[in-house]
Amino acid sequence: MEELSFEQGMERLEAVVKQLETGSGSLEEMLSLYEEGMRLHEACVKQLDAYEGKLQKLSALPKED
């Protein structure tokens, strides 16, 4: 999951959610999709947190006049 860009992760997460919402598939398939969705969610949150940290560092830099 770490090798996916944020955008790729979100696209896959949306696809997983749509597939889960259909309810089609075996219980095992649904559980596997749910687990994948949770991993994708976690990876995306990590990336967002990293971006937020970078933005905070950048905004803390002294401004040049």
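**Reading two helices and a surface patch**

Me: I can see Tyr34 in helix H2 (residues 27–60). What counts as a helix here?

Reply: Helices (H or I, at least four residues) are DSSP runs numbered from the N terminus, as are strands (E, at least two). Residues are numbered from 1 along each chain as its sequence is written, and side-chain values use heavy atoms, leaving out hydrogens and water. This is a predicted model, in which local features need pLDDT of at least 70 and side-chain atom pairs count only at pLDDT 80 or more, while totals for chains, interfaces and linings use all residues.

Me: What span should I expect for H1?

Reply: The expected span is 1.5 Å times one less than the number of residues. For the 17 residues of H1 (residues 6–22) that gives 24 Å, and the end C-alpha atoms are 25 Å apart, which agrees. H2, with 34 residues, reaches 49 Å from first C-alpha to last, close to the expected 50 Å.

Me: Which residues of H1 are buried?

Reply: Buried means under 20% relative accessible area, exposed over 50%, and partly exposed in between (1.4 Å probe, protein chains only). An α-helix has 3.6 residues a turn, so residues three or four places apart point the same way. In H1, the buried residues are Phe6, Gly9, Leu13 and Val16. Seen down the axis of H1, they fall within an arc of 90° (taken from the directions from axis to C-beta atoms), so they line one face of the helix. Glu7, Glu11, Lys18 and Thr22 are exposed on the other side of H1.

Me: What covers the buried residues of H1?

Reply: The cover includes H2, where contact means heavy atoms within 4.5 Å. The buried residues of H2, including Met30, Leu33, Leu40 and Ala43, pack against H1. Glu14 of H1 and Leu40 are 26 residues apart in sequence and 9.9 Å apart in space, C-alpha to C-alpha. Glu14 itself is partly exposed, with a relative accessible area of 45%.

Me: What follows H1?

Reply: Gly23 does, with a positive phi near 75°. Ser24 sits in the loop between H1 and H2, and counts as partly exposed at 45% relative accessibility.

Me: Back to Tyr34: which residues share its nonpolar surface patch?

Reply: Patch members have over 30% relative accessible area and no salt bridge (Lys or Arg side-chain nitrogen within 4 Å of an Asp or Glu carboxyl oxygen); like charges are joined within 9 Å, nonpolar side chains (Val, Leu, Ile, Met, Phe, Trp, Tyr) within 5 Å. Here Leu31 and Met38 join Tyr34, with about 320 Å² of accessible area together (Shrake-Rupley, 1.4 Å probe; for residues, only the protein chains shown count as cover). Tyr34 counts as partly exposed at 48% relative accessibility.
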